[in-house]
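Visitor: I'd like a walk through this one, taking the charged pairs, the sheets and the domains in turn. Could you show it to me before we start?

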Amino acid sequence: MQATQHAEPRLESADESAGESAHSTAAHGTDGTDPDAQYDFMVVSNRLPVDRCSPDEPGCEDGWRRSPGGLVTALAPMMAKTDGAWVGWHGAPDEHLQPFSHGGIDLVPVQLSTHDIELFYEGFSNATLWPLYHDVIAPPEFHRKWWDSYRKVNRRFADAVIHHAAAGATVWVQDYQLQLVPKMLREARPDLKIGFFNHIPFPPPEIFAQLPWRRAIIDGLLGADLVGFQRSSDAGNFMRSARRFLGASVKQQQVHVKGSDGQTTHIARAQAFPISIDVKQISELAQKPEIIERAQQIRRDLGNPKTILLGVDRLDYTKGIRHRLKAYEELLADGKVTVEGATLIQVASPSRERVEQYRLLREEVEGTVGHINGTYDTMQNTAVRYLHHSYPIEEMVALYLAADVMLVTALRDGMNLVAKEYVTARTKNDGALVLSEFAGAADQLKQALLMNPHDIDGLKDTIMRAVDMQPAEAARRMRAMRKQILDHDVDLWSSDFLNALKEKVVRDDS
Ligand code: G6P
């Protein structure tokens with residue numbers, strides 16, 4: 001999000017706000033936002049587009065920075081162009097904020113206590129659902145207390161929408177943290193048009209079956225008129241689960257959802273809408289002289305190696321960072337790449353740091369980087385330049401321009417917008433993208449060098465193909481990938497979804 005406007009929201013401590021409704025006595029927040037405003041269009045996601053930060057952190061301006069992850073990357077540009085409101089958590093525990101406006105978007109903050117963060121966010125969302133939905137790469141944990149908290153917090157988000165949605169409003173609920181919200185909205189406000197989009201994969205029923213609350217989750221999602229997924233296989237998995245666990249009769253990706261009286265209340269549809277990026281923003285940044293200069297500076301700072309390889313990920317076990325480092329270490333050991341000739345830059349932005357699996361991953365990644373650099377670095381050259389930070393988009397684009405090879409080695413990923421950003425930034429049609437076939441982006445970027453990151457030898461060979469790729473082949477591939485993304489930017493994604501949500505569904509009661 002290109003947030004330039006910084007509001008000063010009114011703060012209350014959790015104690016002050018206890019026992020008060022979320023919309024307390026003030027007629028307006030200090031920035032003039034009406035705390036009881038009603039909206040015709042609302043987006044609801046666990047995170048707001050801005051996140052609380054302390055002034056010493058990079059990218060922190062007036063106590064706010066852009067929230068992490070692809071969801072915000074995709075939705076912020078669309079929201080900046082609408083009159084709607086965005087409901088979500090602002091990233092700080094126990095802080096009660098009035099609705100406020102930031103970067104031209106009306107934001108309705110939902111409060112999460114320290115306890116909610118532990119049980120709902122770190123627990124059920126990120127230690128149960130996240131690993132379950134990502135091929136159980138890490139073992140999911142199932143705890144009834146976490147589930148209770150998930151239900152309660154979903155109710156809080158639904159209540160915020162119910163308070164602010166105008167009659168007949170369109171509400172677009174986002175992602176796995178809020179799967180119960182569609183049904184809660186349907187029950188309280190049958191006048192609403194309800195969409196849901198899952199940014200992460202939806203697992204096959206054989207894996208989803210493990211979830212003790214699988215029926216309630218499917219039931220929650222079927223409260224929506226339209227459930228969107230990244231890939232058609234995700235939509236198919238969801239419908240197979242609806243059939244298997246709820247006995248739903250599914251016809252052509254449609255379910256006739258029945259109320260307690262057995263009558264059909266609405267038709268829920270499931271469909272793929274592959275998400276994309278703000279192409280204009282990235283292309284414009286990639287052509288700015290100061291960003292091109294910054295990219296050259298990065299190369300110079302690294303000692304002008306022949307090849308710069310780049311990985312950019314949240315520090316998450318789904319991203320295949322360990323596999324990437326293993327392959328790279330072996331290439332150094334084999335002498336296929338040398339520390340003088342190549343540098344791997346790995347940006348690993350901090351993520352979910354209090355969740356055990358993420359702590360372990362960080363230790364392992366940092367241990368491996370230390371080992372590789374200890375073995376191969378010279379006084380002048382470094383094998384892996386590891387950066388545990390998040391950076392503003394301008395710096396990211398400079399990195400994309402500096403990198404000859406982009407490595408996206410996810411073990412499972414809903415989409416992976418970094419891959420799409422890299423391609424978009426390569427306005428000269430050079431550079432090579434190594435892309436995991438387990439990332440949703442592989443369905444669209446077919447001219448990338450696709451590979452299976454579990455196959456370390458295959459990954460090594462693919463990295464070397466990218467390093468050695470001739471300019472003509474690189475240009476042919478890059479041109480085709482750029483065309484795909486330029487023709488399918490994030491505006492098209494959101495308008496496709498919202499148009500499909502508006503469509504009148506023909507009822508087939510046969
Ligand atoms: C992914 C998810 C988002 C999430 C983001 C960052 O992109 O799909 O829902 O917000 O990661 O993760 P975090 O836990 O920091 O919100």
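Visitor: Is Lys460 buried or exposed?

Guide: A quick note before we dig in: this is a predicted model, where local features need pLDDT of at least 70, side-chain atom pairs count only at pLDDT 80 or more, and totals for chains, interfaces and linings use all residues. Residues are numbered from 1 along each chain as its sequence is written, and side-chain values use heavy atoms, with hydrogens and water left out. Buried here means under 20% relative accessible area, exposed over 50%, and partly exposed in between (1.4 Å probe, protein chains only). Lys460 has 9% relative accessibility, so Lys460 counts as buried.

Visitor: Which residue forms a salt bridge with Lys460?

Guide: A salt bridge is a side-chain nitrogen of Lys or Arg within 4 Å of a carboxyl oxygen of Asp or Glu. For Lys460, the closest N and O atoms of the pair are 2.9 Å apart. The partner is partly exposed, with a relative accessible area of 25%. That partner is Glu330.

Visitor: How many residues apart in sequence are the parts that Lys460 and Glu330 tie together?

Guide: Helices (H or I, at least four residues) and strands (E, at least two) are DSSP runs, numbered from the N terminus. Lys460 and Glu330 are linked with Lys326 and Asp334 in a network of salt bridges. Lys460 sits in helix H15 (residues 456–467) and Glu330 in helix H11 (residues 321–334), so the parts they tie together are apart in sequence by 130 residues.

Visitor: In which strand does Glu95 lie?

Guide: The side chains of Arg52 and Glu95 meet in a salt bridge at 3.1 Å, N to O. Glu95 has a relative accessible area of 12%, so Glu95 is buried. Arg52 lies in strand E3 (residues 50–52), and Glu95 lies in strand E6 (residues 95–97).

Visitor: On to the sheets. What is the order of the strands in the open sheet of 10 strands?

Guide: Two strands pair if DSSP finds at least two bridges between them. The pairing in this sheet is mixed: E11 (residues 226–229) and E14 (residues 264–272) run parallel over four bridges, whereas E13 (residues 254–258) and E14 run antiparallel over five. The order is E7-E8-E5-E2-E9-E10-E11-E14-E13-E12.

Visitor: Which strands stand at the edges of that sheet?

Guide: An edge strand here has a single partner strand, so one side of it is left without a neighbour in the sheet. At one of these edges, the pairing with E13 is antiparallel over two bridges, and Lys251 has Gln254 as its bridge partner in E13. The edge strands are E7 (100–102) and E12 (250–251).

Visitor: Which residue in the turn between E13 and E14 has a positive phi?

Guide: E13 and E14 form a hairpin with five residues between them. Across the pair, Val257 has His266 as its bridge partner in E14. The turn residue with a phi of about 85° is Gly262.

Visitor: Which residue in E19 is the bridge partner of Val405?

Guide: Val405 belongs to strand E18 (residues 405–408), where Val405 and Leu407 on one side and Met406 and Val408 on the other are all buried. E18 pairs in the parallel sense with E15 (residues 307–314) over two bridges, and with E19 (residues 432–436) over four. Leu309 stands opposite Val405 too, while in E19 the bridge partner is Ala432.

Visitor: What is the handedness of the crossover from E18 to E19?

Guide: The rule is to look with the strands pointing away from the viewer: if the path from the first strand over the helix to the second runs clockwise, the crossover is right-handed. Here the chain goes from E18 through helix H14 (residues 417–425) to E19, and this β-α-β crossover is right-handed.

Visitor: Last stop, the domains. What is the area buried between domain 1 and domain 2?

Guide: Domain bounds come from an automatic or database domain assignment, which gives domain 1 (36–275 + 493–502) and domain 2 (279–488). With contact meaning heavy atoms within 4.5 Å, 26 residues of domain 1 are in contact with 22 residues of domain 2. Buried area is the accessible area (1.4 Å probe) that two parts lose on being put together, summed over both. Carbon and sulfur atoms give 59% of it, and the total is about 2,100 Å².
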